[in-house]
Amino acid sequence: MEENSSGKIKREEWWSWGAGTHGQLGTGAFHDELTPQSLHPPSGSRLVHLACGGSHAVAVFGNGEAMTWGNNSSGQLGHGDLQNRCEPRLVRELQWLKIKTAAAGWSHSAFISDDQKLFTFGSGGYGQLGHGDLDSCNIPRQVICFTSMKVCHVACGMRHTLALVESEEGTEVYAFGASRKGQLGIELSERERPDKGFLGNNCNVYPSLVGSLIGYNIVSIHANGDHSAALTDYGGLYVWGRGFDSTNNITLPLRVSNQLNFSQVALGWNHLMALTYDGQVYATGRSQKSGALNGLAISGGVCVEKSGQRLQKSQLSFLLHLYEPLKGCNVRWIAAGAEHSAVILGDGSVLTWGWGEHGQLGLGTTTDQSHPMVLDVPRRKDPRIYCGSGFSFLCQSCENLCEFSLEGKIRKDSFETNLSS
Amino acid sequence: MSYDDVEIEDMEWNEELKAYTYPCPCGDLFQITLADLKMGEEIARCPSCSLYITVIYNMEDFQDAAPPAPPSIPIAAS
């Protein structure tokens with residue numbers, strides 16, 4: 001531990017790198033960084049959660065403080081103005097509440113208070129704020145639909161939002177915002193009903209219940225780009241939204257067919273990674289015309305059993321593939337930006353790969369990487385990595401890992417062998 | 001090569017940039033102007049990176065098109 005300039009004991013270290021022209025790196029500057037830049041943690045309280053959006057970031061601390069920084073062109077920082085900020089700044093409108101968690105979309109933000117109320121702000125042009133209109137707003141506004149409910153988790157995609165609500169019967173997933181790619185997971189017949197808040201142009205301006213997930217005990221929800229995903233309490237993974245095979249959208253939640261239990265999910269704009277309880281990464285990705293920017297163009301995703309027909313749910317299967325470069329590695333944490341990925345291994349090492357044009361891989365270059373590369377940062381206790389569109393944050397304890405466990409060491413060696421083979 | 005194919009319906013008119021825009025994975029916006037669309041241009045570029053997208057649209061629809069009206073409701077203060 002060390003003391004920072006304000007005399008407080010510094011317990012955490014923050015690093016950021018990648019695209020920074022909107023101030024999203026929080027470094028006090030408006031330019032890209034090709035290598036991890038050390039930041040002073042903005043709060044004396046420990047980081048609870050950080051989320052990176054299109055070009056802004058949001059953070060929640062143990063004392064209930066909420067901070068935002070980066071692009072503010074749609075009011076997504078919630079400071080009451082439209083000025084970009086290159087340093088983390090307290091969201092004053094929320095300071096009378098204790099904030100528990102948050103999410104960041106392309107240009108909107110969402111926070112949940114400890115009394116389980118949901119607040120959204122930023123761009124609302126697709127109804128993604130859930131306020132019943134297409135307005136944007138630059139200060140936090142409570143989503144009234146959830147006033148009598150308990151919201152426990154929120155996820156923001158490019159133009160849509162998912163909210164997880166606790167009820168006596170279990171949990172329910174609600175979705176709002178753009179629905180053109182099926183990212184809300186709501187059946188057409190249900191969505192088209194006028195009383196559902198369907199405003200034409202495929203926007204759901206009021207939260208709608210994702211009916212097909214009722215009874216599945218969803219414990220976490222995920223969104224990025226036009227993709228959505230949810231994990232059940234026993235690790236079952238459901239996906240919906242834009243298809244990973246570039247043609248077929250998945251309009252209703254579809255169970256990943258692998259008989260595997262996952263503990264974490266990470267979505268990019270064209271790829272998905274999921275982590276099993278024993279530290280293995282499974283993935284699928286869409287290969288673009290431009291090649292696989294994210295380094296994950298693995299055949300898989302939605303397999304169509306009968307072509308040329310309107311697809312029924314029963315005709316689809318969604319398979320993930322073991323991500324071979326990390327096979328046998330003890331992966332503890334996964335994260336995905338729009339077109340890049342990051343993992344943390346059990347020995348504290350951080351690896352990145354994918355699109356690198358803005359330095360978002362932190363490797364000192366703008367080159368793309370098709371395989372995971374080890375990042376040059378200190379290995380500490382409790383590392384967590386968060387990725388947005390072209391930028392990344394690493395937050396970890398200042399305490400060194402005392403001893404590498406023998407198991408971790410062996411796995412690291414085996415990883416490096418994998419890389420060189 | 002093109003990063004993605006995007007239908008014009010999925011793009012947003014940006015009054016400030018005077019262009020139709022779509023999010024770029026680098027955090028900036030792919031952009032194409034009304035004049036470009038009238039000429040049949042189908043590539044929207046990002047000013048911050050090397051990526052571009054192919055815009056799917058009907059050129060005829062834009063021959064007499066005026067710039068779309070800005071959103072009627074400004075940023076709400078509350």
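**View 1. A:D133 and A:R141 pair up in a salt bridge.** In this predicted model, the side chains of these two residues meet with N and O 3.4 Å apart. A:D133 counts as buried because its relative accessible area is 19%, under the 20% cut-off. A:R141, at 23%, is partly exposed. What's the idea behind such a pair? Side chains of opposite charge can pair when their charged atoms come close.

**View 2. A salt bridge ties B:E12 to A:R159.** Here the closest N and O atoms are 3.6 Å apart. B:E12 sits in strand β2 (residues 12-14) of chain B, while A:R159 is in the loop between β13 (150-156) and β14 (160-167) of chain A, so this pair joins two chains. B:E12 is partly exposed, with 32% relative accessibility, and A:R159 is buried at 6%. Elsewhere, salt bridges with shared partners hook A:R180, A:K181, B:E7 and B:D10 into one network.

**View 3. A:E13 meets A:R380 in a salt bridge.** Their side chains come to 3.2 Å, N to O. This one links distant parts of the chain: A:E13 belongs to strand β3 (residues 12-18), A:R380 to the loop between β30 (369-374) and β31 (384-387), and they are 367 residues apart. Both A:E13 and A:R380 are buried. Over all chains, the structure has 13 salt bridges.

**View 4. A:S392 is tucked into strand β32 (residues 391-397) of chain A.** With a relative accessible area of just 1%, A:S392 is buried. Its side chain makes a polar contact with the side chain of A:H340 at 2.9 Å. A polar atom of that A:S392 side chain also lies 3.2 Å from the backbone oxygen of A:Q360. Beyond its sequence neighbours within four places, A:S392 has contacts including A:W15, A:W17 and A:Y386.

Notes. Residues numbered from 1 in each chain as written. Chains lettered and ligands numbered in written order. Predicted model: local features only at pLDDT ≥ 70, side-chain atom pairs only at ≥ 80, totals over all residues. Heavy atoms only, no water. Helix = DSSP H or I, 4+ residues; strand = E, 2+ residues; numbered from the N terminus. Buried < 20%, exposed > 50% of the residue type's maximum accessible area, 1.4 Å probe, protein only. Polar contact = N/O pair within 3.5 Å; in protein donor to acceptor, adjacent residues only side chain to side chain. Contact = heavy atoms within 4.5 Å. Salt bridge = Lys/Arg side-chain N within 4 Å of Asp/Glu carboxyl O.
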